[in-house]
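Biologist: I would like a close look at one part of this protein. Please take the salt bridges, and set them in the context of the whole chain.

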Amino acid sequence: MHFNKVRFNEVIVFFRQFAVMLKAGIPISDCLNKLQRQKVSKSFKKILKSVYLDVNSGILLSDAFAKHPDVFPKFFTSMVSIGEASGALDEIMTSMADYYENDRKIKKKVSSAMVYPTLLICMIFFVMFFLCVFVLPQFESTITQLGGEVPKITLIIMSISKFVQKYILFIIFGLIIIIFGTASFFKTEKGRYIKDALKFSLPIISKIEKNLITARFSRAFVILLRSGMNIVDILENLRKMLGNSVFERKFHQAINEIKRGKRIAPSIEDTHLFPQMLIEMINVGENTGNMEEVLESTGSYFESQVESSIAKAVAIVEPVAIVFLGLIVALVVLAVLVPIMSMMNAI
């Protein structure tokens, strides 16, 4: 989820404070007036003031929020609209606050878990660069002075070192272009689809992505069920809000199957997007008529599974990165020491 110029934490706090005020029976206009006067960033204060003025002029709260899609997600504005129509806006706002706080915690755990593996990978590239540019050139002159036959591995490493030294600016410039080019491509519709497809297919990442999508799907499904929305509309909303274009495209097929009278569980199973446990739990919910309770417990379970899958991913990546780093260093050391030792023995 992306909020331009407005920090995500500010929006979450606003959701919670608004929910508490509504629960206390404070009118919407007074809630907004108090909240927009609080100490928040200038950009968010400006948006809250705009919402407050719109509501005072007679515009519906959901329509006032919808004018700022970069700050208030479509799912949120849709739920506010349902709350206005049903007269349960305070309950909807509380559910939204819970949902987005939960969502933020999960994403924070994912980001935090990826810090160490990312640092290790960066360290590998730094070590390779340092060895090629600063260390190997020093040993090259020593080996040349000693004379004698130079092993193939040493020639290969030295060639790589010379190439890096000669074209270092081009390499750096090329890497910058690749990074920014890839980031720009992933913002396009086609690029976003490829990125989302990779999330579902890469060995380590796919487990995390499936658990994350399943947890968010279950939590959001419960909120929409409580709002009184029918199943097809619930699934249509879920299709657009989970932030994965592959999911959105495949889930559309499941919705069409459900519209034709097929049950939810087998329709969702055909997408191959979710773990089997979710399918089984939805099947239980359909059979017992207790979908809300079943999905709530399922959401909690898969939130814990997100943490577990992250921990397992880090446990795999960390030793692999360390071993790879050790192999690079060992290879360079051998390439330098082998010719020196052989030449010294020959003297």
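Modeller: Here is the whole chain in brief, then the salt bridges, then a few single residues.

Start with the frame. This is a predicted model. The protein chain has 15 helices and zero strands. Its C-alpha trace spans about 95 × 50 × 30 Å along the principal axes. The radius of gyration is 28 Å, while a compact globule of 347 residues would have one near 20 Å. Of those 347 residues, 39% count as buried. The accessible surface comes to about 19,400 Å², and carbon and sulfur atoms hold 63% of that area. Now take contacts between residues at least 6 apart in sequence. Of these, 61% join residues at least 24 apart.

Next, the charges. The protein chain carries 40 positive and 30 negative side chains. The centres of these two sets lie 7 Å apart. Some of the charges pair up: the structure holds 13 salt bridges.

Begin with Arg-226 and Glu-296. Their side chains meet in a salt bridge, with 2.9 Å from N to O. Arg-226 sits in helix α10, residues 203-226, and Glu-296 sits in helix α15, residues 291-346, so this pair ties together parts that are 70 residues apart in sequence. How accessible are the two partners? Arg-226 has 45% relative accessibility and counts as partly exposed. Glu-296 is partly exposed too, with a relative accessible area of 32%. Partly exposed covers the range between under 20%, which is buried, and over 50%, which is exposed.

Now look at Asp-270 and Lys-262. Their side chains form a salt bridge at 2.6 Å, N to O. Asp-270 is partly exposed, at 47% relative accessibility. Lys-262 is also partly exposed, and its relative accessible area is 30%.

A further pair is Arg-263 and Glu-286. Here the salt bridge has an N to O distance of 3.8 Å. The pair links distant parts of the chain, 23 residues apart. Arg-263 is in the loop between α12 (245-259) and α13 (264-269). Glu-286 is in helix α14, residues 276-288. At 38% relative accessibility, Arg-263 counts as partly exposed. Glu-286 has a relative accessible area of 24% and is partly exposed as well.

Salt bridges can also share partners. Which residues do they join into one network? They are Glu-236, Arg-239, Glu-248 and Lys-259.

Stay in the stretch after α13 for a moment. His-272 lies in the loop between α13 and α14. Is His-272 buried or exposed? It counts as exposed, at 62% relative accessibility. Its backbone deserves a look. Phi of His-272 is near 60°, a positive value in a residue other than glycine. Most residues other than glycine have a negative phi.

For contrast, turn to a buried residue. Leu-136 lies in helix α6, residues 89-146. Its relative accessible area is 1%, so Leu-136 is buried, since buried means under 20%. What does Leu-136 touch, leaving aside neighbours within four places in sequence? The contacts are Leu-131, Ile-157, Met-158, Ser-161, Val-332 and Val-336. How far is Leu-136 from Asp-270, one of the salt-bridge partners above? The two are 134 residues apart in sequence and 56 Å apart in space, C-alpha to C-alpha.

Helix α6 also holds Glu-91. At 49% relative accessibility, Glu-91 counts as partly exposed. The C-alpha atoms of Glu-91 and Val-80 are separated by 10.0 Å. Along the chain, these two residues are 11 residues apart.

Finish with helix α2, residues 28-36. Its buried residues are Cys-31, Leu-32, Asn-33, Leu-35 and Gln-36. What covers them? The cover includes α1 (8-23), α3 (42-56) and α4 (61-66).

To recap the part you asked for: Arg-226 with Glu-296 ties helix α10 to helix α15. Arg-263 with Glu-286 links a loop to helix α14. Asp-270 pairs with Lys-262. Glu-236, Arg-239, Glu-248 and Lys-259 belong to one network.

Notes:
Residues numbered from 1 in each chain as written. Predicted model: local features only at pLDDT ≥ 70, side-chain atom pairs only at ≥ 80, totals over all residues. Heavy atoms only, no water. Helix = DSSP H or I, 4+ residues; strand = E, 2+ residues; numbered from the N terminus. Rg over C-alpha atoms; globule rule 2.2 N^0.38 Å. Buried < 20%, exposed > 50% of the residue type's maximum accessible area, 1.4 Å probe, protein only. Contact = heavy atoms within 4.5 Å. Areas by Shrake-Rupley, 256 points an atom, 1.4 Å probe, with all protein chains shown as cover. Lys, Arg positive; Asp, Glu negative; His and termini not counted. Charge placed at Lys NZ, Arg CZ, Asp CG, Glu CD. Salt bridge = Lys/Arg side-chain N within 4 Å of Asp/Glu carboxyl O.
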